[in-house]
Amino acid sequence: MALDAVTIAQLAEHVESAELNAHDITKITDEYPAMSWDDAYAIQDAIRARKEARGHKTVGLKCGLTSRAKMKQMGVEVPCFGFVSDYMSCAEGSDIDTARLIHPKVEAEICIVTKAPLRGPGCHVGAVMAAVDFVLPGVEIIDSRYRDFKFDLKSVIADNTSASRFVVGGRPRNVEELDLRTLGVVMEKNGRIVAMAAGAAVLGHPAAAVAMLANHLGARGQEIPAGSFIMTGGVTEAIAVQAGDQVTVRFQDLGSVAMRFV
Ligand code: OOG
Ligand code: MG
């Protein structure tokens, strides 16, 4: 760790305040260029602890930057991991208030719920598939707290990987009924197709993102508990939205997920 405990706590408050007050900040590595990967995750953990101390429940885990399209869009080469809180969950078909966000973008994500714990190291696609209870379609609304949505990997990890809102919808399906690699996803904004991809865009197989998460947590002595909701990462590049936009994502075999931005 390059940063001391006081600095970690101050940065957690700084980044979380930007989220809660919907104002942007400069990326924190500008001021702390020596920040390590452990520092970045320690800041994210401190943000999680702050939310939980205020009574917010952590309701899921997320993988980010797992598709080439997302990596290319953000200029980052390695996936990252974060969490989602109860207040970030929005109902299918609901209105999402952009006044509480900075510069939101939508992402189509294949999501899973586990029925058994997953622990790395050595977690692989087979182990993940055996632990999947069911598969769900989801849309994540990301909202980087960094100016102009520009960051490096350490800064975005400290910002809980831009987590902001998410919508889970459609119908749950058993994993054996699906081929997650060829599962097609079509994203529409205001009735026009704006992006499309198949599940394999996520590290060759969305379950590979979950294995990576289990291995990441395993290296830190943690596991993915049974019953976890996990978002495997955007299959296409993220699409900017603003008040007045309507978004529908159609997932092959999983139904569609829709929302409106107001
Ligand atoms: C980081 C979060 C990326 C995904 O699904 O790739 C993410 C960002 O692009 O702001 O959630
Ligand atoms: Mg995402």
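**Figure 1. A network of salt bridges links five charged residues.** In this predicted model, Glu16, Glu19, Arg50, Lys51 and Arg54 are joined to one another through a network of salt bridges. Side chains of opposite charge can pair when their charged atoms come close. The count for the structure comes to 18 salt bridges, and the next three views pick out further examples.

**Figure 2. Asp24 and Arg147 bring two loops together.** Here the closest N and O atoms of the Asp24–Arg147 salt bridge are 3.2 Å apart. Asp24 sits in the loop between helix 1 (5–21) and helix 2 (37–53), while Arg147 belongs to the loop between strand 6 (132–142) and helix 5 (153–158), so this pair ties together parts that are 123 residues apart in sequence. Asp24 is partly exposed, with a relative accessibility of 27%, and Arg147 is partly exposed at 40%.

**Figure 3. Lys189 and Asp245 form a salt bridge between distant parts of the chain.** The N to O distance between these two side chains is 3.8 Å. Lys189 is found in strand 8 (residues 184–189), and Asp245 in the loop between strand 11 (239–240) and strand 12 (246–251), with 56 residues separating the pair. Look at the surroundings of each partner: Lys189 counts as partly exposed at 22% relative accessibility, whereas Asp245 counts as buried at 7%.

**Figure 4. Glu177 meets Arg173 in a salt bridge.** The side chains come together with an N to O distance of 2.6 Å. Glu177 is partly exposed, at 41% relative accessibility, but Arg173 is buried, with a relative accessible area of 16%.

**Figure 5. Three glutamates hold the magnesium ion (ligand 2).** The protein donors are OE atoms of Glu107, Glu109 and Glu140, and they lie 2.0 to 2.1 Å from the ion. Follow the donor residues along the sequence and you will find the spacing E-x1-E-x30-E. Glu107 counts as buried at 5% relative accessibility, and Glu109 is buried too, with a relative accessible area of 0%.

**Figure 6. Cysteines without disulfides.** Searching the whole structure turns up zero disulfides, and two cysteines show why. For Cys80, the closest cysteine sulfur is that of Cys63, and at 8.9 Å this is too far for a bond. For Cys90, the closest cysteine sulfur is in Cys111, 14 Å away, which is again too far for a bond. Both Cys80, with a relative accessible area of 1%, and Cys90, at 15% relative accessibility, are buried.

**Figure 7. The largest nonpolar core and a separate core.** The largest nonpolar core contains 75 residues, and those with the most contacts inside it are Ile43, Val106, Val128, Val135, Ile224, Phe251 and Met259. Helix 6 contributes the largest share of this core, seven residues. Apart from this core lies another, made of nine residues, including Val84, Val113, Leu136 and Phe166. A closer look at Met259, leaving out residues up to four places away in sequence, shows it touching Ser94, Ile96, Val139, Ile141, Val167, Asp245, Gln246 and Val247. Readers may recognise Asp245 as the salt-bridge partner of Lys189.

**Figure 8. Ser228 in its loop.** Ser228 is placed in the loop between helix 6 (206–218) and strand 10 (229–234). A polar atom of the Ser228 side chain lies 2.6 Å from the backbone oxygen of Pro225. With neighbours within four places in sequence set aside, Ser228 is in contact with Ile112, Val113 and Thr114. At 10% relative accessibility, Ser228 counts as buried.

**Figure 9. Backbone features in three loops.** Most residues other than glycine have a negative phi, and most peptide bonds are trans. Gly120 and Pro121, however, are joined by a cis peptide bond, with omega about 5°. Pro121 is part of the loop between strand 5 (105–114) and helix 4 (125–131). Ala22 is not a glycine, yet has a positive phi of about 55°; it lies in the loop between helix 1 and helix 2 and counts as partly exposed at 21% relative accessibility. Phe149, also not a glycine, has a positive phi of about 60°. Its place is the loop between strand 6 and helix 5, where Phe149 is buried, with a relative accessible area of 6%.

Conventions
Residues numbered from 1 in each chain as written. Chains lettered and ligands numbered in written order. Predicted model: local features only at pLDDT ≥ 70, side-chain atom pairs only at ≥ 80, totals over all residues. Heavy atoms only, no water. Donors = N, O, S within 2.8 Å, 3.2 Å for Na, K, Ca; no water. Buried < 20%, exposed > 50% of the residue type's maximum accessible area, 1.4 Å probe, protein only. Disulfide = S-S within 2.5 Å. Salt bridge = Lys/Arg side-chain N within 4 Å of Asp/Glu carboxyl O. Helix = DSSP H or I, 4+ residues; strand = E, 2+ residues; numbered from the N terminus. Polar contact = N/O pair within 3.5 Å; in protein donor to acceptor, adjacent residues only side chain to side chain. Contact = heavy atoms within 4.5 Å. Core = buried A, V, L, I, M, F, W, Y, C linked by side-chain atoms within 4.5 Å.
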